[in-house]
Amino acid sequence: MDRTDVSWQGYWPAAPTPFTPDGALDEAALTELMELYAGHRVDGVLVNGSTGEWFSQTPAERRRVAEVAVAAAAGRFPVVVGVSAYTAAEAGELARHAAGIGADGVLSTVPPYVHPAPAEVLEFYRAVSSATDLPFMVYNWPRGVAVDLDDHPDLLQRLADLPQVVAVKDSTGDWPAMADTVERLTHQVRVFGSFLSRRGLAILLGLGGDGNIDGGGVGAPFAVPYYRAVADGDAAAATHWVDRYRALSGRLIRPDYSGVFATPIPQLKAVMSILGQPGGPCGRRCCR
């Protein structure tokens with residue numbers, strides 16, 4: 001597989017997982033959230049990623065989140081399921097479940113906490129990506145796992161060469177390194193990065209790149225038309241929309257992906273609540 005085997009591009013929310021005030025999974029709110037995304041005409045959705053609080057869910061809950069999201073999307077947009085875990089075996093089990101329910105792909109970071117070396121990273125991704133025939137997205141998330149794959153260009157190339165890998169979600173805080181990754185890999189795999197800015201627009205129109213996977217989706221009214229304008233090669237319209245997006249996001253998220261007012265997930269859910277969106281209570285389950 002390579003980038004031509006999927007049509008993944010544009011603006012994707014990384015969906016939060018709504019919980020009820022007592023901490024239970026709120027399936028009705030999750031279904032409503034997928035409807036909201038469909039109404040925004042997003043290009044895809046990631047569930048059970050970092051914003052989805054996979055780390056605070058039981059394995060059964062993670063499976064149920066994936067099932068509800070795939071059923072609610074009903075083929076209107078791709079759904080990629082996050083399978084990040086502390087072991088390759090657990091991540092592989094979640095990937096096989098995602099394949100069985102009709103997900104469009106799976107995504108994983110390296111195992112959190114353990115700080116794997118490059119050779120270990122390669123073997124982890126080799127095992128998890130080969131657990132199914134689904135297209136696979138490598139997730140570079142140094143803020144969460146303390147390993148920045150952009151520090152190892154040769155490793156990223158070897159990951160891109162794995163048979164099922166079709167995309168990289170590059171959420172490094174090192175913007176020049178992300179641009180280097182685009183230049184090196186975008187001919188081979190889809191690259192989702194930090195492109196919702198004027199300099200991001202320059203990269204998209206110059207070097208390439210495919211989209212953003214953005215926490216929560218509150219910026220969808222601006223980011224969706226931005227990517228439509230990028231696809232049309234309309235730099236003036238894209239600049240208009242990205243400036244509006246930045247006017248919102250710049251007040252909430254710093255360049256290193258930390259939140260301005262709180263940690264990103266409760267901050268996001270608070271904003272969604274203000275907007276009347278189904279994010280659930282803003283307190284993270286893991287902090288209760």
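Buried here means under 20% relative accessible area, exposed means over 50%, and partly exposed is in between, using a 1.4 Å probe and protein chains only. Keep that in mind as you click around.

What you have open is a predicted model, so local features need pLDDT of at least 70 and side-chain atom pairs count only at pLDDT 80 or more, while totals for chains, interfaces and linings use all residues. Residues are numbered from 1 along each chain as its sequence is written, and side-chain values use heavy atoms, with hydrogens and water left out.

**Stop one: Gln 57 and Asn 48**

Select Gln 57. It sits in the loop between strand S2 (45–47) and helix H2 (59–73); helices (H or I, at least four residues) and strands (E, at least two) are DSSP runs, numbered from the N terminus. Is Gln 57 buried or exposed? Its relative accessible area is 9%, so Gln 57 counts as buried.

Now show its polar contacts: pairs of N or O atoms within 3.5 Å, where within protein one must be able to donate a hydrogen and the other to accept it, and residues adjacent in sequence count only if both atoms are side-chain atoms. The side chains of Gln 57 and Asn 48 are joined by one of 3.1 Å. The Gln 57 side chain also reaches the backbone nitrogen of Arg 62, at 3.5 Å.

Hop over to Asn 48, which lies in the loop between S2 and H2. Its relative accessibility is 1%, so Asn 48 is buried. Check its backbone too: phi of Asn 48 is near 60 degrees, a positive value in a residue other than glycine.

For another positive phi, pick Arg 41, where phi is near 60 degrees. Arg 41 is in the loop between helix H1 (27–40) and S2, and at 53% relative accessibility it counts as exposed.

**Stop two: strands**

Colour S2 and strand S3 (residues 79–82). The two run parallel and are joined by three bridges; strands pair if DSSP finds at least two bridges between them. Look for Val 45, which stands opposite Val 79 in S3. Within S3, Val 79 and Val 81 point one way, Val 80 and Gly 82 point the other way, and all are buried. In a regular strand the side chains alternate between the two faces of the sheet.

Next, select strand S1 (residues 10–14), where five of five residues are buried. S1 runs parallel to S8, with five bridges between them. Two pairs to label: Tyr 11 opposite Asn 212, and Pro 13 opposite Asp 214. S8 is mostly covered as well, with four of its five residues buried.

**Stop three: Asp 210**

Asp 210 is in the loop between H8 and S8. With a relative accessible area of 6%, Asp 210 is buried. Follow its side chain to the backbone nitrogen of Val 191, at 2.9 Å. Then list its contacts (heavy atoms within 4.5 Å): leaving out residues up to four places away in sequence, Asp 210 touches residues including Arg 3, Trp 8, Phe 195, Leu 204 and Tyr 227.

**Stop four: the cores**

Which residues touch the most other members of the largest nonpolar core? A core is a set of buried Ala, Val, Leu, Ile, Met, Phe, Trp, Tyr and Cys residues joined through side-chain atoms within 4.5 Å. This one has 75 residues, and the answer is Met 34, Val 47, Tyr 125, Leu 149, Leu 159 and Tyr 226. Helix H9 (residues 220–232) gives the largest share of this core, eight residues. Apart from it lies another core of 14 residues, among them Ala 14, Leu 107, Met 137 and Ala 167.

Zoom in on Tyr 125: not counting residues up to four places away in sequence, its contacts include Phe 136, Val 138, Leu 149 and Leu 159.

**Last stop: H9 and H10**

On H9, find Ala 231. At 67% relative accessibility, Ala 231 is exposed.

Finish with helix H10 (residues 235–249). Its buried residues are Ala 238, Thr 239, Val 242, Tyr 245 and Ser 249. Why do they lie on the same side of H10? They cover an arc of only 130 degrees around the axis, the arc being that of the directions from the helix axis to the C-beta atoms. Show helix H8 (198–206), strand S8 (211–215) and H9 too, since the buried residues of H10 pack against them.
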